[in-house]
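This briefing sets out the fold of a single protein chain and the surroundings of its ligand. Please read it alongside the sequence and the structure displayed below.

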Amino acid sequence: MTTAVYPGTFDPITNGHSDIVRRAASLFPRVLVAVADNVRKHPLFPLAQRVALANEVLADIEGVTVIGFNTLLMDFVHQHKALVIVRGLRALSDFEYEFQMAGMNRRLDASIETIFLTASERDSYLSASLVKEIAGLGGDVTPFVHPAVKAALAAALR
Ligand code: ADP
């Protein structure tokens, strides 16, 4: 029963994130979506709301649990007896940061593997920050996020 952790800021959760969760859930019996508090990134949505939105969006995927955290990722992984960290890769530009993170995490605990799922073509240009920018400028984010997220964006940016 390998548990995988998919960590991120999820500010807010997009269809690209959900696609990774769905695919991770087909590989692992248990997937923990770990929503990082990440205050230094100045998220638009407070942690509790990012967790609530992810819960709503991912409700139909079996084996998935959403949990907020504000500790070292490796401590979260140990606490939940997970063995794998899942991350999504969009373009080459994601690679350097992800490679560095995976390397540092391996130095912290070499028994935990980071695996990467490449973004589906449809989602490879999709990022939470672009979604916020589009919504902030009055654009339509329907193709990129769940209706609950669209409504939350409209309320937050009003
Ligand atoms: P972080 O602040 O940790 O980068 P994000 O919420 O931005 O958190 O992203 C979490 C993970 O999801 C990262 O591995 C990121 O590359 C991946 N990701 C983000 N958007 C997409 C997408 N459209 N398709 C696939 N993976 C994505």
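In what order do the five strands of the open sheet run, and is their pairing parallel or antiparallel? In this predicted model, the order is E3-E2-E1-E4-E5, and the pairing is parallel. The protein chain has five strands and six helices, and the ligand has 17 residues around it.

**Overall architecture**

- Read from the N terminus, the elements of the protein chain follow the succession β-α-β-α-β-α-β-α-β-α-α.
- The radius of gyration of the protein chain is 15 Å, which agrees with the value near 15 Å for a compact globule of 158 residues.
- Along the principal axes, the C-alpha atoms of the protein chain fill a box of roughly 45 × 30 × 30 Å.

**The sheet**

- The open sheet has parallel pairing in the order E3-E2-E1-E4-E5.
- Strand E3 (64–69) and strand E5 (113–118) each have a single partner strand and stand at the edges, so one side of each has no neighbour in the sheet.
- From one strand to the next, the twist averages 30 degrees.
- Six bridges join strand E4 (residues 84–89) to E5 in the parallel sense.
- In the pairing with E5, Val 84 stands opposite Glu 113.

**Helices packed on the sheet**

- Helix H1 (residues 15–27) packs on the sheet and touches strand E1 (3–8), strand E2 (30–36), E3, E4 and E5.
- The direction of helix H1 makes about 120 degrees with that of E5.
- Helix H2 (residues 47–58) lies across E2 and E3.
- Relative to E3, helix H2 runs at about 175 degrees.

**The ligand and its surroundings**

- Which of the 17 residues around the ligand come nearest? They are Tyr 6, Thr 9, Lys 41, Gly 88 and Asp 123.
- A polar backbone atom of Asp 123 is 2.9 Å from a nitrogen atom of the ligand.
- The side chain of Arg 87 places an N or O atom 3.0 Å from an oxygen atom of the ligand.
- Glu 98 has a polar side-chain atom that lies 3.4 Å from an oxygen atom of the ligand.
- The ligand taken alone exposes 560 Å², of which the protein buries 91%.

Technical notes:
Residues numbered from 1 in each chain as written. Predicted model: local features only at pLDDT ≥ 70, side-chain atom pairs only at ≥ 80, totals over all residues. Heavy atoms only, no water. Pairing = 2+ DSSP bridges. Helix = DSSP H or I, 4+ residues; strand = E, 2+ residues; numbered from the N terminus. Axes fitted to C-alpha atoms, helices over the stretch in contact; angles between N-to-C directions. Contact = heavy atoms within 4.5 Å. Near = heavy atom within 4 Å. Polar contact = N/O pair within 3.5 Å; in protein donor to acceptor, adjacent residues only side chain to side chain. Areas by Shrake-Rupley, 256 points an atom, 1.4 Å probe, with all protein chains shown as cover. Rg over C-alpha atoms; globule rule 2.2 N^0.38 Å.
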